[in-house]
Amino acid sequence: MIKGTIFLLISFFSFNAFAQSNEPPSSLKLLSNGDYVIEDFEEEEIGSLPKRWFNQRAENKVSNYNEELRETYNYEVVEEDGNKYLRFEGIKAKHLTFPLLKVENLNIHETPILSWDWRATKIPEGGNEDTNDKNDVVASVYVAFDMGRIALVKKVPKSIRYTWSSTLPVGTELSKFFGNQKIVVVASGKEGLGSWKSFSRNIAQDYKRLFGDNPPKVPLAFLILSDGDDTKDVVIADYDNITLSSANK
């Protein structure tokens with residue numbers, strides 16, 4: 001997974017070349033309680049890749065790929081008890097990216113609380129985000145914020161990655177890629193496997209604490225990643241109800 005993450009960091013966002021069918025989202029759905037929905041998958045087709053999500057480099061919508069390429073992704077929308085959500089089942093790592101840069105009704109200084117639901121069913125045994133040859137996680141969500149320091153000749157975006165770690169304890173924080181990616185472990189091990197769990201983070205506060213300055217009001221993107229390609233272990237994880245809300249609720 002380490003190589004894929006490096007590519008993510010050194011090549012990011014050139015929206016001017018998008019065809020109309022590849023246009024990134026321009027707004028987020030507003031709920032009656034004031035939450036903004038990044039994704040709840042309720043409008044998606046069962047068995048499909050989510051139609052507003054892009055590939056790792058935010059170049060193309062994954063749902064627009066041909067069948068052969070779509071099958072290289074191990075994500076699909078499923079339904080259970082009338083609720084739709086996204087499932088990952090497989091080994092090979094591939095990011096899904098939800099671009100935020102063109103979203104007009106977004107200001108994380110006003111709605112800094114990122115919330116999401118995870119259900120982990122099978123973790124990569126021995127996965128460890130701090131070890132290159134074991135760098136697998138059952139589930140992770142990223143927020144890519146803005147362009148950071150120069151690395152490998154190019155600038156790379158600052159990002160915070162929240163993980164469900166196989167082995168690292170909750171509260172572990174790591175710094176990767178010349179300090180541009182911060183990893184925060186929010187769940188760990190096999191406790192709670194098979195059950196939905198809800199998580200919330202104040203991403204504006206996390207950014208200021210981890211990077212030492214204020215975040216931009218509109219991040220570059222939200223991303224998800226599950227994988228077992230270093231441990232060669234099958235991973236099963238579900239994602240749902242990704243929202244942003246006010247800290248005053």
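Tutor: Let's start with a term we'll need: a salt bridge is a side-chain nitrogen of Lys or Arg within 4 Å of a carboxyl oxygen of Asp or Glu. Keep in mind that we're looking at a predicted model.

Student: Okay, how many salt bridges does the structure hold?

Tutor: Side chains of opposite charge can pair when their charged atoms come close. Counting such pairs across the structure gives a total of twelve.

Student: Take Lys190 and Glu125: how far apart are their closest N and O atoms?

Tutor: A Lys nitrogen and a Glu oxygen need to be within 4 Å to count. Lys190 and Glu125 do form a salt bridge, and their closest N and O atoms are separated by 3.0 Å.

Student: And how many residues apart in sequence are the parts that this pair ties together?

Tutor: Lys190 sits in the loop between strand 10 (181-188) and strand 11 (197-202). Glu125 is in the loop between strand 6 (113-122) and strand 7 (139-151), so the pair links parts whose separation in sequence is 65 residues.

Student: Is Glu125 buried, partly exposed or exposed?

Tutor: Buried means under 20% relative accessible area and exposed means over 50%, with partly exposed in between. Glu125 comes in at 44%, so the label is partly exposed.

Student: Next pair, then! Which strand holds the residue that forms a salt bridge with Arg209 across 2.8 Å?

Tutor: At that distance between the closest N and O atoms, the partner of Arg209 is Glu173. Arg209 lies in helix 3 (residues 203-211), so the bridge ties that helix to a part 36 residues away in sequence. Glu173 is partly exposed at 39%, and its place is in strand 9.

Student: Which residue in helix 3 also pairs with Arg209?

Tutor: Look for a residue three places away from Arg209, which is about one turn of the helix. The closest N and O atoms of this salt bridge are 3.3 Å apart, and the partner is Asp206.

Student: Is Asp206 buried or exposed?

Tutor: Arg209 is partly exposed, at 46%. Asp206 has just 6% relative accessibility, and the cut-off is under 20%, so Asp206 counts as buried.

Student: Which residues are joined into one network by salt bridges that share partners?

Tutor: Here you follow shared partners from one bridge to the next. That gives one network made of Glu80, Arg87, Arg119 and Asp238.

Student: What kind of charge gathers in the surface patch with Glu79?

Tutor: Glu79 is in strand 3 (residues 75-80) and is partly exposed at 42%. Glu42, Glu43 and Asp81 join Glu79 in the patch. Asp and Glu count as negative, so the charge of this patch is negative.

Student: How far apart in space are Ser63 and Asn22, C-alpha to C-alpha?

Tutor: Ser63 is in the loop between strand 2 (36-39) and helix 2 (67-70), with contacts including Leu49 and Arg70. Along the sequence, Ser63 and Asn22 are 41 residues apart. In space, their C-alpha separation is 9.8 Å.

Student: Last one: what share of the residues of the protein chain count as buried?

Tutor: The chain has three helices and 13 strands. Out of its 249 residues, the buried share is 57%.

Definitions and conventions
Residues numbered from 1 in each chain as written. Predicted model: local features only at pLDDT ≥ 70, side-chain atom pairs only at ≥ 80, totals over all residues. Heavy atoms only, no water. Patch = residues over 30% accessible without salt bridge, like charges linked within 9 Å, V, L, I, M, F, W, Y side chains within 5 Å. Areas by Shrake-Rupley, 256 points an atom, 1.4 Å probe, with all protein chains shown as cover. Charge placed at Lys NZ, Arg CZ, Asp CG, Glu CD. Helix = DSSP H or I, 4+ residues; strand = E, 2+ residues; numbered from the N terminus. Buried < 20%, exposed > 50% of the residue type's maximum accessible area, 1.4 Å probe, protein only. Contact = heavy atoms within 4.5 Å. Lists of a residue's contacts leave out its neighbours within four places in sequence.
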